[in-house]
Amino acid sequence: MTKTKKFVTRILPVVAVLAILVTSVVLMSACDDNPVFVPPDNTQLSMNDYRVGYVAGDAANNTIDLSKVFPDGSDFQIADSNIATVDNTTKTLTTLAAGDTTLYYDTEGAENATEVVMHVMDGYTNVDTWDELYDAVMIEGEVANVCVQSDLTAVANKAFAFVPNDSPDYAGFAPSPDTLNLY
């Protein structure tokens, strides 16, 4: 092995590791103690806020299983019953109108009720499974507003392909990154 090949095979991995470390440090330095998620519509969403969907006239898309979202929660209460209602027997929240309200619930061992802000958005599809997510994102059309309500397990042969709107090679394929709001 020549000296150049030896040099490249020994030094290149070290350089790659250093590059990764430097990138990590730079990215971590941009984070603060209160991280926030900025959705595609540029509205700041706090880490303890939740977005849920509401589709006028579609009862199937207006119910959220709170036992999946807050598995340790009990005694759920909603601040504004015009925006949403809660059924503690089935541990479900039903959205009634777009708007913001607060959800309160108890957690075993906690002294006080936990509160989270609920942003109820009109025209959003709620999904619980990979198949539902795939249908909402890839089949319903170019514009998709989707709220994921639980952990999802990927299904074989149902992958997501996002392409730019102006891509002539993929005309008619959906969705593009700027027509999808996924929460």
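Biologist: Before we look at this predicted model, what does it take for two strands to pair?

Modeller: Good place to start! Two strands pair if DSSP finds bridges between them, and the number required is at least two.

Biologist: Then in which sense do β10 and β11 pair, parallel or antiparallel?

Modeller: Strand β11 covers residues 144-148. Three bridges connect β10 with β11, and the cut-off for pairing is at least two. The sense of this pairing is parallel.

Biologist: Which residue of β11 is the bridge partner of Thr 125?

Modeller: Look along β11 for the bridge that reaches Thr 125. There, the partner is Val 146.

Biologist: What is the strand order of the open sheet with three strands, and which strands stand at its edges?

Modeller: The order is β10-β11-β12, with parallel pairing. Two of these strands have a single partner strand each, so one side of each has no neighbour in the sheet. Those edge strands are β10 (125-127) and β12 (180-182).

Biologist: By what angle are neighbouring strands of this sheet turned against each other on average?

Modeller: Here the direction of the strands is ignored. The average turn between neighbours in this sheet is 25°.

Biologist: Let's move to β9. How many bridges join β3 to β9?

Modeller: β3 spans residues 49-54 and β9 spans residues 114-122, and the two run parallel. Among the bridge partners are Val 52 with Val 120, and Tyr 54 with Asp 122. The number of bridges joining β3 to β9 is six.

Biologist: In which sense does β8 pair with β9, parallel or antiparallel?

Modeller: β8 runs over residues 99-107 and shares seven bridges with β9. One of the partnerships is Asp 100 with His 119. The sense is antiparallel.

Biologist: Which residue in the hairpin of β8 and β9 takes a positive phi?

Modeller: This hairpin has six residues between its strands. The residue in the hairpin with a positive phi, near 90°, is Gly 109.

Biologist: Now for the inside. Which element gives the most residues to the largest nonpolar core?

Modeller: That core has 15 residues, and Leu 66, Phe 70, Phe 76, Leu 93, Leu 103, Val 116 and Met 118 touch the most other members. The elements that give two or more residues are β3, β5 (73-78), β8 and β9. With three residues, the one that gives the most is β9.

Biologist: How many residues are in the second, separate core?

Modeller: Its members include Val 127, Tyr 134, Val 137 and Val 146. The count for this second core is nine.

Biologist: Why does Phe 76 count as buried?

Modeller: Buried means under 20% relative accessible area. Phe 76 falls below that cut-off, because its relative accessible area is 1%.

Biologist: How are the rings of Phe 70 and Phe 76 arranged, stacked or tilted?

Modeller: Their centres are 6.3 Å apart and their planes meet at 45°. Planes under 30 degrees apart count as stacked, and over 60 as edge-to-face. An angle of 45° lies in the remaining range, so this pair is tilted.

Biologist: How many residues apart are Phe 76 and Tyr 105?

Modeller: These two form another tilted aromatic pair, 5.6 Å centre to centre with 35° between the planes. Phe 76 sits in strand β5 and Tyr 105 in strand β8, and their pair links distant parts of the chain. Along the chain, they are 29 residues apart.

Biologist: Which residues do ring pairs link into a cluster?

Modeller: A search of the whole structure finds four aromatic pairs. The cluster linked by ring pairs consists of Tyr 50, Phe 70, Phe 76 and Tyr 105.

Note on methods
Residues are numbered from 1 along each chain as its sequence is written. This is a predicted model: local features need pLDDT of at least 70, side-chain atom pairs count only at pLDDT 80 or more; totals for chains, interfaces and linings use all residues. Side-chain values use heavy atoms; hydrogens and water are left out. Helices (H or I, at least four residues) and strands (E, at least two) are DSSP runs, numbered from the N terminus. A nonpolar core is a set of buried Ala, Val, Leu, Ile, Met, Phe, Trp, Tyr and Cys residues joined through side-chain atoms within 4.5 Å. Buried means under 20% relative accessible area, exposed over 50%, partly exposed in between (1.4 Å probe, protein chains only). Rings of Phe, Tyr and Trp (its six-membered ring) pair if their centres lie within 6.5 Å; planes under 30 degrees apart count as stacked, over 60 as edge-to-face and the rest as tilted. Axes are lines fitted to C-alpha atoms, for helices over the stretch in contact, and angles run from 0 to 180 degrees between N-to-C directions.
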